[in-house]
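What follows is a short report for a reader who is meeting this structure for the first time. It takes up the empty space inside the protein, then one helix, and then one sheet.

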Amino acid sequence: MMNDVIKAAIVAGEKIIEIYNEDIQVKYKKDDSPLTIADKASNDVIQSYLEKTDIPIISEENKQIDFSERKNWDKCWIVDPLDGTKEFIKKNGEFTVNIALVENRIPVYGVIYVPVTKELYVGDVTVNKAWKIKVDNSEEDFSNLYVVNNEIQPTFNNSKDLIRVVGSRSHMNVDTENFVEDLKAKYNKVQIVSKGSSLKFCLVAEGKADIYPRFAPTMEWDTAAGQAICNAVGFEVIDQSTQKPLVYNRENLLNNYFLVK
């Protein structure tokens, strides 16, 4: 089943790239966030694969099912068919396809695919491992993914010389700026590492950053796959309101601020 999930992400990514290489037609949602035809094309592909599993789906592009029904789910897929729509429109390549399997409100398996670079990240919390490979096409046999050479090796920083923080170089909000200022009192140097979309989680998981403060609004589909990948390699995603790991399929799908560490 998981190979089909990986294939869903890659085929969806191929659809996105077809549109990415053309003139982008942009529509706007009620909240004025950009929505392209690529979102819908990707979502249709992913739906066609995941519907075969008989596990319900929460997706950014689907009409949300009422919590009175969702609260009885012990499993669900959480999907963002195109995470980083603004990056897509800017054509900087930093957008992803995100698919996560959530069991009893906890992400246990996550797939993040980067259509432009063809990089695939997969995290399996049940075995505490995550992997990264470069994909040629969706027809590959992904059984070769789960080998030692493809495992992500994170960095757990115990030095006080340098800490690498995932964030924006140009427009951090006040809460994030305050967090960074606190770090400057503890470390000799604070380096800001910037990326779009769920690639921020991947930076931490593969050892290219040490900590990711997200003190701005996100939705469950923005974070579930990234959390699974980070959890699989030993990082926690801590809800700053509860001081416990971020959980999913909540009544309100809007996340609280969180910290990946």
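In sorting residues by class, Ala, Val, Leu, Ile, Met, Phe, Trp, Tyr, Cys and Pro count as nonpolar, Asp, Glu, Lys and Arg count as charged, and the others, Gly among them, count as polar. With these classes in hand, one can turn to the model, which is a predicted one.

Rolling a probe the size of a water molecule over the atoms shows where empty space is left. The structure holds one cavity of 30 Å³ or more, and the space in this largest cavity comes to about 40 Å³. Its lining is made up of Trp73, Asp74, Lys75, Cys76, Val102, Glu103, Asn104, Arg105, Tyr248 and Asn249, and the elements that contribute two or more residues to that lining are β4 (75-83) and β5 (96-103).

The second largest pocket encloses about 170 Å³ of space. It is lined by 14 residues, of which Thr117, Glu119, Tyr121, Lys195 and Leu199 are the closest to its centre. Two or more lining residues come from each of β7 (119-124) and α6 (199-205), and α6 supplies the largest share, with three residues.

The table sets out the volume of each space and the classes of its lining residues.

| Space | Volume | Nonpolar | Polar | Charged |
|---|---|---|---|---|
| Largest cavity | about 40 Å³ | four residues | two residues | four residues |
| Second largest pocket | about 170 Å³ | five residues | three residues | six residues |

Among the helices, α2 covers residues 37-50, and because a helix is expected to advance 1.5 Å a residue, its 14 residues should span 20 Å, which agrees with the 20 Å between its end C-alpha atoms. Which residues of α2 are buried? They are Ala38, Asp39, Ser42, Asn43, Val45, Ile46, Gln47, Tyr49 and Leu50, where buried means under 20% relative accessible area.

The last part concerns a sheet. Three strands form an open sheet in the order β11-β13-β12, and their pairing is antiparallel. The edges are held by β11 (212-214) and β12 (237-239), each of which has a single partner strand, so one side of each is left without a neighbour in the sheet. From one strand to the next, the twist averages 15 degrees. Between β12 and β13 (residues 258-260), the antiparallel pairing runs over three bridges, and Ile238 stands opposite Leu259 of β13.

Notes
Residues numbered from 1 in each chain as written. Predicted model: local features only at pLDDT ≥ 70, side-chain atom pairs only at ≥ 80, totals over all residues. Heavy atoms only, no water. 1 Å grid on protein atoms, 1.4 Å probe; cavity = no way out; pocket = protein on both sides within 12 Å on 5 of 7 lines; lining within 4 Å. Points joined across faces, edges and corners; volume = space filled by probe spheres on them. Helix = DSSP H or I, 4+ residues; strand = E, 2+ residues; numbered from the N terminus. Expected span 1.5 Å × (residues − 1). Buried < 20%, exposed > 50% of the residue type's maximum accessible area, 1.4 Å probe, protein only. Pairing = 2+ DSSP bridges. Axes fitted to C-alpha atoms, helices over the stretch in contact; angles between N-to-C directions.
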